[in-house]
Amino acid sequence: MSTINLEYDHLSKRYGDTWANHDINLVIEPGSIVGLLGPNGAGKTTLLRQLVGLTRPTEGQVRLGGRTVAPGKRWVKELIAYLPQHPLALGDLTVQEAIRSSALLRGQSRRDADQNTETLLTRLNLSSLRNRQVAGLSGGEHRLVGIASVLVAPTPIVALDEPTNELDPLMRHRVWQLIEKLREPARIILLVSHNVLEAERVLDRVLIMNDGRIRHDGGPLSLRQNVGDFLKVSVTAGVAPERLEDDVQAITTEFQRHETAVEFTASRLEALKLLAQWLGEPGLVASVSVHEPSLEDAYLALRQQWEGNDNQEAEEREV
Ligand code: ATP
């Protein structure tokens, strides 16, 4: 597989008064799984659609290996396997035909196409549906056929828009495993997901979008560090849960109490100081668990920061 860089160069898309994205500048090198996260309407799907030439930029360009992407170009289709957000127009085909024809379209021999189709039918629990028309499938089944159609003949660039949306927990797990297996030094995998907790396990790089702009770009660890060094703690009181609650209240407002259990999030230093104090008092604490924040915690904290800033700006405008 040849090595191809993906570049977004001053890319913008405007619909009327709305900028779906605005001045996006990015270089994505092969060998990585890159996640696009962000709230609804942030501009994630638009960024993928610009990559495959389905949405024409208002300004700027997308380049693949130095060549500019434009709508309808055959070379773009050959380079990118794309799973769109909404179900594919494969309705008249059976499940098996839909997957197999994707493999043939991407240049596989009949033998390879048959073999790879069988493998994916099994892995994605689609064997019993092989002769059903795609149009009559449930939302989740339909999505699985879309995923199989991408994975059956992966290209140097794989673009997946919400691959695990509508899937049950077992299938979500399988799909993440299959995505992880696609990682290769010469391949770029760019995916949109709202499932931050699951995506965290496979992502090498996290791009967070809001209001059409990239608000964070880095590894999952750097995002966690970016929003502060905090810990999540759960304690069960041996005696006097009120005492634990009072102590927690003195260091953070982010806590919950359920009978004898207290959960809180606080700065690493404060949380560890408090734990050391409690553990020095025999019987006060029956059990403790301490968690590093997940990518989802960091993502939520970042969103709260933006919303806080946006509200502040709105108030300042009103004054
Ligand atoms: P979601 O997570 O909800 O799928 P997203 O981050 O993928 O959202 P986009 O679909 O890229 O967001 O949309 C970005 C913005 O552009 C939104 O405000 C959306 O309403 C607007 N938009 C997207 N496509 C069009 C269109 N064809 N016409 C008008 N506005 C559009």
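## Helix packing and a pocket

E13 gives the most to the lining of the second largest pocket, contributing 5 residues. The model discussed here is predicted.

Biologist: Happy to start with that pocket! Which elements give two or more residues to the lining of the second largest pocket?

Modeller: The second largest pocket has a volume of about 440 Å³, and its lining is made up of 19 residues. The elements that give two or more residues to this lining are strand E11 (230–237), strand E12 (255–258), strand E13 (261–267) and helix H11 (295–318).

Biologist: Nice. Which lining residues lie nearest the centre of the second largest pocket?

Modeller: By class, the lining has 8 nonpolar, 7 polar and 4 charged residues. Nearest the centre of the second largest pocket lie Phe230, Lys232, Glu254, Thr265 and Asp297.

Biologist: Now to the helices. Is H3 roughly parallel or roughly antiparallel to H5?

Modeller: H3 and helix H5 (residues 139–151) pack with their axes 7 Å apart, at an angle of about 25 degrees. Angles under 35 degrees count as roughly parallel. Therefore H3 is, relative to H5, roughly parallel.

Biologist: And how many charged residues does the contact of H3 with H5 have?

Modeller: On the H3 side, Val95, Ala98, Ile99 and Ser102 meet Val145, Ala148 and Ser149 in H5. By class, this contact has 5 nonpolar and 2 polar residues, while the number of charged residues is none.

Biologist: H3 also packs with H4, I see. What does the angle make H3 relative to H4?

Modeller: Helix H3 (residues 95–105) and helix H4 (residues 110–123) have axes 9 Å apart and an angle of about 135 degrees. Angles over 145 count as roughly antiparallel, and 65 to 115 as roughly perpendicular, with the rest oblique. So, relative to H4, H3 is oblique.

Biologist: How many charged residues are in the contact of H3 with H4?

Modeller: H3 brings Val95, Gln96, Ile99, Arg100, Ala103 and Leu104, which meet Arg110, Ala113, Asp114, Thr117, Glu118 and Leu121 in H4. These divide into 6 nonpolar and 2 polar residues, and the charged ones number 4.

Biologist: One more pair, please! Is H9 roughly parallel or roughly antiparallel to H10?

Modeller: Helix H9 (residues 241–249) and helix H10 (residues 268–279) pack at about 155 degrees, with their axes 11 Å apart. Angles over 145 count as roughly antiparallel. Therefore H9 is, with respect to H10, roughly antiparallel.

Biologist: Which residues of H10 make the contact with H9?

Modeller: By class, the contact has 4 nonpolar, 1 polar and 2 charged residues. H9 supplies Arg243, Leu244, Asp247 and Val248, and H10 supplies Leu274, Gln277 and Trp278.

Biologist: Last one: is the crossing of H9 with H10 left-handed or right-handed?

Modeller: H3 passes H4 in a right-handed crossing, and H3 passes H5 in a right-handed crossing too. For H9 passing H10, the crossing is right-handed.

Conventions. Residues numbered from 1 in each chain as written. Predicted model: local features only at pLDDT ≥ 70, side-chain atom pairs only at ≥ 80, totals over all residues. Heavy atoms only, no water. Axes fitted to C-alpha atoms, helices over the stretch in contact; angles between N-to-C directions. Helix = DSSP H or I, 4+ residues; strand = E, 2+ residues; numbered from the N terminus. Left-handed = near helix turned anticlockwise from the far one by under 90°. Contact = heavy atoms within 4.5 Å. Nonpolar A, V, L, I, M, F, W, Y, C, P; charged D, E, K, R; others polar. 1 Å grid on protein atoms, 1.4 Å probe; cavity = no way out; pocket = protein on both sides within 12 Å on 5 of 7 lines; lining within 4 Å. Points joined across faces, edges and corners; volume = space filled by probe spheres on them.
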